Amino acid sequence: MLDTLFRKYRYINKKIAHLHYKRYFFNVVDFNEKLIGIVGARGIGKTTFLLQYLHSLDMEDDKKLYFSVDSIVATGSKLFDIAEDFSNVGGKVLVIDEIHKYKDFEIELKEIYDFLDLQVIFSGSSALVLEHKKADLSRRAVLYRVKGLSFREFLELKLGKEFPVFTSDDIFSNHIRLADQIVAEIKPLAYFKEYLKAGYYPFYFDAPDTYYLKLEETINAVIESDLPIIYNIEPSNISKLKQLVFYICSVKPYELNLTNLAAKIGINRKTLYLYIHYLTLGNVFLKVLPKAKGDAIFSKPSKLYLNNTNLSYAYCDKQEVGSLREIFFANQVDGVQYARKGDFLVNEKYTVEIGGKNKSFEQIKELPNSFVVADDIEVGFGNKIPLWLFGFMY
């Protein structure tokens, strides 16, 4: 079995040898840890990252090994047995992809951690790893949630340039200087709409003409395969998950009525909350909660969106520009919560109202640390910040 896995690793490694661009999380992960989990949406470059990491290691090829769980599930091979065989022949770094497809993987990862002298890096669905199994792994594994391309990364891939990363405090305090810095290099608005339509998943650059087909295949795999297997959803209810996705296209975030939605889809409210939770963990939905509620499964989201703007273009017949702006902001910025006045509260400090270039401060003018984040402007002024600039936060 080990010979077969080595052969497949060498083959797939050749296919990515020409890929030199490294996603933001290559510089975030602490590679000194013994057990590392990379978790996030399908299609955002986890496999490429894993292979790039192995390629970067200054060690003999037979001391490092990559395999996808797809390669072993049909054979009945055990993760621990493969890891032990690899360790016995001098292996040092083992990378396991698509680990969510392996039943009870957390038990064998714990055994590998406890009994073998190996570094193990695994990738999988955030729905599974972060919630379903985290209690069994939290004392051993360091888990990293990773996102799709930021606007900054999209520009770097498209233009072959490098751009800086800014924190939210940087932007709120110094947005004019930072925007001027970027605008001196490029015209960001010339690329922003393309990013909103098709720039979140790296595979856009492989085949732009079939991007939406690939994107639908990716999301359908989450809905039809990942979530039902992980959460034992009956096959007859998969259509209800899809109905829920399409329904979110038809309502504005602040008009969400869960009672009506449950009745429309034909499920009870508890099941609806669970499905919203599953689709959020599967990176299909993005929910914004009030400050006080945390991320409890049965907390009603104050606003519920598709996870990123590309999904809106893929699934929705019409795009509502206000929703697209809010989705972009909530997707790119960490620490976003629902605000009673304005659209969002960021890091429990900054109140933000999202709008077009003529958006006024009327709704938030009396609040401290309040800002209008405006689309269709290149550089802001005062407390008005260009929306695109928040795409430079990772």
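Select Cys316 first: at 9% relative accessibility, this residue counts as buried, because the cut-off for buried is under 20%. The model on screen is a predicted one.

**Stop 1: the disulfide**

Keep Cys316 displayed and add Cys249. A disulfide joins the two, with an S to S distance of 2.0 Å. Searching the whole structure turns up 1 disulfide. Set a dihedral about the S-S bond and the value is -70°, which makes the link of Cys249 and Cys316 left-handed. Now colour by secondary structure. Cys249 sits in helix H11 (residues 238-250), while Cys316 is in the loop between helix H14 (309-315) and helix H15 (321-332). The pair links distant parts of the chain, 67 residues apart. Is Cys249 buried, partly exposed or exposed? With 22% relative accessibility, Cys249 counts as partly exposed.

**Stop 2: H11 against H13**

Stay on H11 and add helix H13 (residues 269-281). The two helices pack at an angle of about 75°, and their axes are 11 Å apart. H11 and H13 are therefore roughly perpendicular to each other. To see the contact, show side chains for Lys240, Leu241, Leu244 and Val245 on H11, and for Leu272, Tyr275, Ile276 and Leu279 on H13. By class, the contact of H11 with H13 comprises 7 nonpolar residues, 1 charged residue and no polar ones.

**Stop 3: the parallel sheet**

Hide the helices and select strands E1 to E5. The strands make an open sheet of 5 strands with parallel pairing, in the order E2-E3-E4-E1-E5. Which strands stand at the edges? Strand E2 (64-68) and strand E5 (142-146) do; each has a single partner strand, so one side of each is left without a neighbour in the sheet. From one strand to the next, the twist averages 15°.

Zoom in on the E2 edge. E2 pairs with strand E3 (residues 93-97) in the parallel sense over 5 bridges. Label Ser68, which stands opposite Asp97 in E3. Then bring back helix H2 (residues 46-56), which packs on the sheet and touches strand E1 (35-40), E2, E3, strand E4 (119-124) and E5. The direction of H2 makes about 165° with that of E2.

**Stop 4: the mixed sheet**

Move on to strands E8 to E12. Here 5 strands form an open sheet ordered E8-E9-E10-E11-E12, and the pairing is mixed. E8 and strand E12 (384-386) stand at the edges with a single partner strand each, so one side of each is left without a neighbour in the sheet. The twist in this sheet averages 35° from one strand to the next.

At the E12 edge, strand E11 (residues 370-374) pairs with E12 in the parallel sense over 3 bridges. Label Val373, which stands opposite Ile385 in E12. Next show helix H8 (residues 168-183): it packs on the sheet, touching E9, strand E10 (350-355), E11 and E12, and its direction makes about 70° with that of E12. Add H15 as well, which packs on the sheet with contacts to E8, E9, E10 and E11. The direction of H15 makes about 145° with that of E10.

**Stop 5: Gly342**

Finish at Gly342, in the loop between strand E8 (336-338) and strand E9 (344-346). Leaving aside neighbours within four places in sequence, which residues are in contact with Gly342? They are Thr351, Val352, Glu353 and Ile364. For a distance check, pick the C-alpha atoms of Gly342 and Leu367: the separation is 9.5 Å, for residues 25 apart along the chain.

How values were computed. Residues numbered from 1 in each chain as written. Predicted model: local features only at pLDDT ≥ 70, side-chain atom pairs only at ≥ 80, totals over all residues. Heavy atoms only, no water. Disulfide = S-S within 2.5 Å. Helix = DSSP H or I, 4+ residues; strand = E, 2+ residues; numbered from the N terminus. Buried < 20%, exposed > 50% of the residue type's maximum accessible area, 1.4 Å probe, protein only. Contact = heavy atoms within 4.5 Å. Axes fitted to C-alpha atoms, helices over the stretch in contact; angles between N-to-C directions. Parallel < 35°, antiparallel > 145°, perpendicular 65-115°, else oblique. Nonpolar A, V, L, I, M, F, W, Y, C, P; charged D, E, K, R; others polar. Pairing = 2+ DSSP bridges.
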